[in-house]
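You asked for a quick tour before opening this one yourself. Here are my notes, in the order I would look at things.

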Amino acid sequence: FSRAVFVIYLGIMLVVFSVSRLFFRILDEKITRRNVKGIPTLIYGAGKGGIMALHELENTREYGLRVIGFIDDNRELWGRKLEGYPIMGGREQIKELVKSHGIMEVIISFRKLSEEWYEDLKAELGLVKPEIRLRRLSIRIE
């Protein structure tokens with residue numbers, strides 16, 4: 001056999017395996033996310049903490065939360081996607097997002113926040129929807 005046959009065969013097999021893996025990954029994500037039921041939730045912070053919060057919520061269904069997307073104060077991130085979820089804006093848009101998407105819970109994923117900032121956000125969201133819950137991401141090692 002010519003060496004070209006082996007090179008062509010290798011190229012074809014790499015493409016076939018890559019496309020099949022991509023297809024199954026997309027299929028898994030679409031089916032998994034579409035079938036998730038729970039309380040509509042926003043994650044505040046699109047950094048490492050936000051990704052950790054997302055993974056925890058996706059892998060632990062006992063929380064009963066369904067992630068709608070992220071919000072972040074960094075305007076450069078707005079409109080992008082993180083782990084397949086949209087970054088929908090910042091604090092200025094949070095009231096509108098709570099109303100339009102029926103958000104019932106907001107998870108704050110960053111550590112450096114003042115108590116005053118937290119209470120201001122809680123009061124601001126309470127005016128829009130009194131029953132909304134505001135939680136902080138907490139990591140404990142015991």
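**Notes on the fold**

1. Let's start with Leu134, which is found in strand β6. Keep in mind as you look that this is a predicted model. Is Leu134 buried or exposed? Leu134 counts as buried because its relative accessible area is 13%, and the cut-off for buried is under 20%. Its C-alpha atom is 9.7 Å from that of Glu119, and the two residues are 15 apart along the chain. Across the strands, Leu134 is the bridge partner of Val106.

2. Now step back to the sheet that β6 belongs to. What is the order of its strands? Reading across, it goes β2-β1-β5-β6, an open sheet of four strands with parallel pairing. At the edges sit β2 and β6 (133-136), each of which pairs on one side only. From one strand to the next, the twist averages 25°. As a general reminder, strands of a sheet pair through backbone hydrogen bonds, in either a parallel or an antiparallel way.

3. Strand β1 (residues 39-44) deserves a good look. How many of its six residues are buried? Five of them are, so the strand is mostly covered. On one side, six bridges join β1 to β2 (residues 65-71), and the two run parallel. One pair to click on there is Ile43 in β1 with its bridge partner Phe70 in β2.

4. On its β5 side, β1 is joined to that strand (residues 105-108) by four bridges, again in parallel. You can follow the register residue by residue: Thr41 has Glu105 as its bridge partner, Leu42 has Val106, and Ile43 stands opposite Ile107. Ile43 is therefore a handy landmark, with Phe70 as its partner in β2 and Ile107 opposite it in β5.

5. Strand β5 itself is worth turning around on screen. Which way do its side chains go? Glu105 and Ile107 point one way, Val106 and Ile108 the other way, and all are buried. That includes Glu105, a residue you have already met as the partner of Thr41. β5 also pairs with β6 in the parallel sense, over four bridges.

6. How do the strands connect? There are β-α-β units to trace here. One is made by β1, helix α2 (residues 48-59) and β2, and it is right-handed. Another right-handed unit is made by β5, helix α4 (residues 115-128) and β6.

7. Next, a look at the surface. Phe23, Phe24, Leu27 and Ile31 form a nonpolar patch there, and together they have about 400 Å² of accessible area. Ile31 has its place in helix α1 (residues 3-34). Ile31 is classed as partly exposed because its relative accessible area is 44%.

8. One last oddity: Glu83. Where does it lie? Glu83 is in the loop between β3 (81-82) and β4 (85-86). Its phi is positive, about 55°, although Glu83 is not a glycine. With 39% relative accessibility, Glu83 counts as partly exposed, whereas Glu105 in β5 is buried.

Conventions
Residues are numbered from 1 along each chain as its sequence is written. This is a predicted model: local features need pLDDT of at least 70, side-chain atom pairs count only at pLDDT 80 or more; totals for chains, interfaces and linings use all residues. Side-chain values use heavy atoms; hydrogens and water are left out. Buried means under 20% relative accessible area, exposed over 50%, partly exposed in between (1.4 Å probe, protein chains only). A crossover is right-handed if, with the strands pointing away from the viewer, the path from the first strand over the helix to the second runs clockwise. Patches are made of residues with over 30% relative accessible area and no salt bridge: like charges are joined within 9 Å, nonpolar side chains (Val, Leu, Ile, Met, Phe, Trp, Tyr) within 5 Å. Accessible areas come from the Shrake-Rupley method with a 1.4 Å probe; for residues, only the protein chains shown count as cover. A salt bridge is a side-chain nitrogen of Lys or Arg within 4 Å of a carboxyl oxygen of Asp or Glu. Axes are lines fitted to C-alpha atoms, for helices over the stretch in contact, and angles run from 0 to 180 degrees between N-to-C directions.
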